[in-house]
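Let's take a walk through a protein together, one piece at a time. Keep the picture open as you read, and turn it whenever a new part comes up.

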Amino acid sequence: MQKKWVELFEKVIGRKPSPEEFMAGKACGFDLKQIQSIAGNAPEENLSPVEEPVLEPVEEVKNVDPLLAARQAWLQHFEETYGRKPSAEEFTAAKSQNFEFFVGPVPEAEFATPDSTEETQEYVAQEPTQEFAPPLAAEQTQVYPEANFTEALPAQEKQKAPKKQKTKSGKKGSKKKIGIIAALILLVIALVATFFYFQSTTRVEVTADQFIKAVDTKDYREAADLLSTDSDKWTKDEAESFITSMEDQGIDIGTELNKIIDDGGEGTYTDKSGNKIFGLEKADKKFGIFQEYRVSSYPIHVKVKTNLDQAKLKVADNKTVTLKKDEVTDLGSFHYNAKEMELTAKTEVGNVTSKIHLNPKKATKNALELQLNSEKRNLEVEFPEEVENPTDVKVVVNGKEVGTSTTFEVDSIPYQEIEVHAVFNMNGETYTTEKAKVTIEEGENDPIELKLAKDTYKRIKSAQDAKKAQEAKEEQNRTLAEEFLKEYREAVFSSVSNRNNTYSKYYDTQSQAYKEMVEFTTGDGVRKAKIDYYTPGALDIQSVTEENGVVTIKTYEDFTVHYTDSHPDSQNRKYKTYTLKKVGASYVITDIVVTKES
């Protein structure tokens with residue numbers, strides 16, 4: 001009711017009530033009809049009823065003197081609390097405290113708390129404004145009878161706070177409270193943001209995406225970090241071997257991880273042999289709240305059996321395992337990736353050192369037993385297509401010649417690495433292939449493909465081209481030689497029958513061969529031999545070669561001799577070598593050698 005009374009007083013009188021007017025209003029029970037009388041505008045008996053106006057929200061008035069309002073509120077509060085005006089000591093004490101609701105010593109019976117009355121708190125909230133503050137005279141005196149205390153206030157101080165004992169404790173207190181509230185709000189915001197951040201970065205999808213990205217970008221170091229745990233560390237090379245092995249087997253790591261996520265976020269990929277290879281599993285909880293995940297990997301447990309004496313297997317740089325002959329030795333667990341180990345042992349032909357390759361693809365249900373037994377194995381080499389009809393083949397294994405053909409036998413150990421190359425002859429030239437490193441498998445092995453070095457290939461290609469050119473030339477010479485010898489033989493046979501010389505154009509007439517032929521056909525050779533004539537038979541040209549313009553023709557010739565007497569006909573077969581020299585587009589004979597006749 002007092003709030004409505006104050007608001008109506010301000011609307012009717014045009015200013016806020018003074019403390020004395022407020023107390024007078026309170027004395028009459030905040031009767032709205034007594035406002036003008038209390039304000040001194042008309043005698044109480046002549047007051048006409050005041051119609052209670054409809055109150056509207058009062059806008060906050062600016063430029064209020066806080067010290068003046070505090071003093072008025074304090075005076076009102078003191079009088080309402082103790083039923084009297086304050087003494088000089090009490091007023092001075094209150095003023096030194098900027099009129100906070102604290103009073104100096106009073107009789108114990110008169111003490112009450114600042115919040116003892118509802119009216120006081122409601123009135124304190126109504127701060128006087130500079131615009132409607134009650135006018136004061138040049139010097140206003142307020143008298144408190146109990147203490148004979150008078151306080152004079154200049155008119156100019158009606159809205160100014162006293163400069164003495166000025167304190168900022170109230171403002172500092174408010175700013176401190178605001179600062180604490182703001183800090184708490186920021187803390188809450190930070191905690192919420194942190195919660196959502198860690199929740200978003202610890203999801204199983206994030207872990208899977210990190211690993212898939214490392215696989216796609218071939219970031220093998222990152223992949224190794226994601227596969228590693230505190231007790232099981234992966235190296236960059238191991239991660240690369242693992243990922244490459246998956247690709248070689250046609251296993252898409254990203255696809256399989258996403259399938260696991262679709263199935264609930266935890267699980268493993270298992271191959272056709274029952275090997276668990278990789279998956280997703282729960283890890284620790286960050287801060288005990290946020291569930292983390294990791295890409296899991298599953299090792300291969302390896303055992304080995306051997307019939308070798310004094311066998312040792314170096315499985316790591318700092319670990320060598322002694323193998324028991326004819327017994328199974330447990331090597332432990334290894335990451336799912338190809339691994340090279342070094343075997344040393346004693347064999348019938350001496351000590352052997354060999355590279356043994358661990359192939360996890362041969363494992364079943366994450367277990368693998370190696371058989372390192374020495375035995376005779378039949379192997380085969382395969383030459384590249386550039387090598388045509390090689391001869392004088394020699395196969396060399398680990399520096400030792402083991403065969404003279406494309407197939408050979410070698411005493412070896414399964415998973416042993418051997419180094420193979422071959423030496424061969426082709427077109428009169430000797431060549432050597434590159435060395436091929438091959439791992440001998442347990443069962444049947446595919447042919448070992450040999451390759452040629454670039455310079456060797458160039459040599460072979462050059463020799464082949466030269467051979468083709470030579471063969472083309474020999475073919476041309478063969479054709480010319482065959483035609484030449486056919487004509488020559490016909491001329492000789494005719495001369496034998498007629499005892500004359502019709503073959504001179506086929507000879508170097510200065511040669512000894514020509515002179516002998518003339519003597520035979522036109523001299524006493526045919527007559528003494530009682531030869532009547534020749535019947536030509538086969539003429540087989542076996543080879544035609546040319547060097548420095550000299551052509552050599554090797555033939556096999558067949559003809560029948562008919563005699564002038566009763567001597568029966570005889571069949572003659574002779575191997576002859578003709579030496580010719582080129583004359584224009586044809587030849588002339590310089591020599592004839594009968595190498596064999598029957």
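At what angle do the axes of helix α8 and helix α9 cross? Keep in mind that this is a predicted model. Helix α8 covers residues 204-216 and helix α9 covers residues 220-227. Their axes come within 8 Å and cross at roughly 150 degrees. An angle over 145 degrees counts as roughly antiparallel. The crossing of α8 past α9 is left-handed.

Now look at the side chains and backbone atoms where these two helices meet. On the α8 side you will find Gln 210, Phe 211 and Ala 214, while α9 brings Glu 222, Ala 223, Leu 226 and Leu 227. Sorted by class, the residues of this contact are five nonpolar, one polar and one charged.

Stay with α9, and follow the chain onward to helix α10, residues 236-248. Here the axes are 8 Å apart, and the packing angle is about 95 degrees. That angle makes α9 roughly perpendicular to α10, because values from 65 to 115 degrees fall in that class. In this contact α9 uses Tyr 220, Arg 221, Ala 223, Ala 224 and Leu 227. Facing them from α10 are Lys 236, Ala 239, Glu 240, Phe 242 and Ile 243. Seven of the residues in the contact of α9 with α10 are nonpolar, none is polar and three are charged. You may have noticed some familiar names: Ala 223 and Leu 227 take part in the contact with α8, and both also belong to the contact with α10.

Next, go back to the start of the chain. Helix α1 spans residues 2-13, and its axis comes within 11 Å of the axis of α2, with a crossing of roughly 130 degrees. How are α1 and α2 placed relative to each other? They are oblique, because an angle of that kind fits none of the parallel, antiparallel or perpendicular classes. This time the crossing, α1 past α2, is right-handed. The residues that meet are Gln 2, Trp 5, Val 6 and Phe 9 from α1, and Glu 21, Phe 22 and Gly 25 from α2. By class, that contact holds four nonpolar, two polar and one charged.

One of those residues deserves a second look. Glu 21 sits in helix α2, residues 19-27. Is Glu 21 buried or exposed? It counts as buried, because its relative accessibility is 10% and the cut-off for buried is under 20%. Setting aside residues up to four places away in sequence, Glu 21 touches Trp 5, Phe 9, Arg 15, Lys 16, Ile 38 and Ala 39.

Another residue to find is Gln 72, in helix α4, residues 66-82. With a relative accessible area of 11%, Gln 72 is buried too. Gln 72 and Glu 20 are 52 residues apart in sequence, yet their C-alpha atoms are 9.8 Å apart in space.

Let's move from helices to a strand. Thr 353 lies in strand β11, residues 350-358. Its relative accessibility of 55% is over the 50% cut-off, so Thr 353 counts as exposed. Beyond its neighbours within four places in sequence, Thr 353 is in contact with Glu 342, Leu 343 and Thr 344. From Thr 353 to Glu 417 is 64 residues along the chain, and their C-alpha atoms are separated by 9.8 Å.

The loops have something to show as well. Asp 326 lies in the loop between β8 (319-322) and β9 (328-334). Its phi is near 60 degrees, a positive value in a residue other than glycine. Lys 365, in the loop between β11 and β12 (367-372), also has a positive phi, near 55 degrees. Lys 365 is exposed, with a relative accessible area of 66%.

Finally, zoom out to the whole protein. How many helices and strands does the protein have? The secondary structure comes to 14 helices and 24 strands. Of its 598 residues, 37% count as buried. The accessible surface is about 35500 Å², and 48% of that belongs to carbon and sulfur atoms. Among contacts between residues at least 6 apart in sequence, 56% join residues at least 24 apart.

Notes. Residues numbered from 1 in each chain as written. Predicted model: local features only at pLDDT ≥ 70, side-chain atom pairs only at ≥ 80, totals over all residues. Heavy atoms only, no water. Helix = DSSP H or I, 4+ residues; strand = E, 2+ residues; numbered from the N terminus. Buried < 20%, exposed > 50% of the residue type's maximum accessible area, 1.4 Å probe, protein only. Contact = heavy atoms within 4.5 Å. Areas by Shrake-Rupley, 256 points an atom, 1.4 Å probe, with all protein chains shown as cover. Axes fitted to C-alpha atoms, helices over the stretch in contact; angles between N-to-C directions. Left-handed = near helix turned anticlockwise from the far one by under 90°. Nonpolar A, V, L, I, M, F, W, Y, C, P; charged D, E, K, R; others polar. Parallel < 35°, antiparallel > 145°, perpendicular 65-115°, else oblique.
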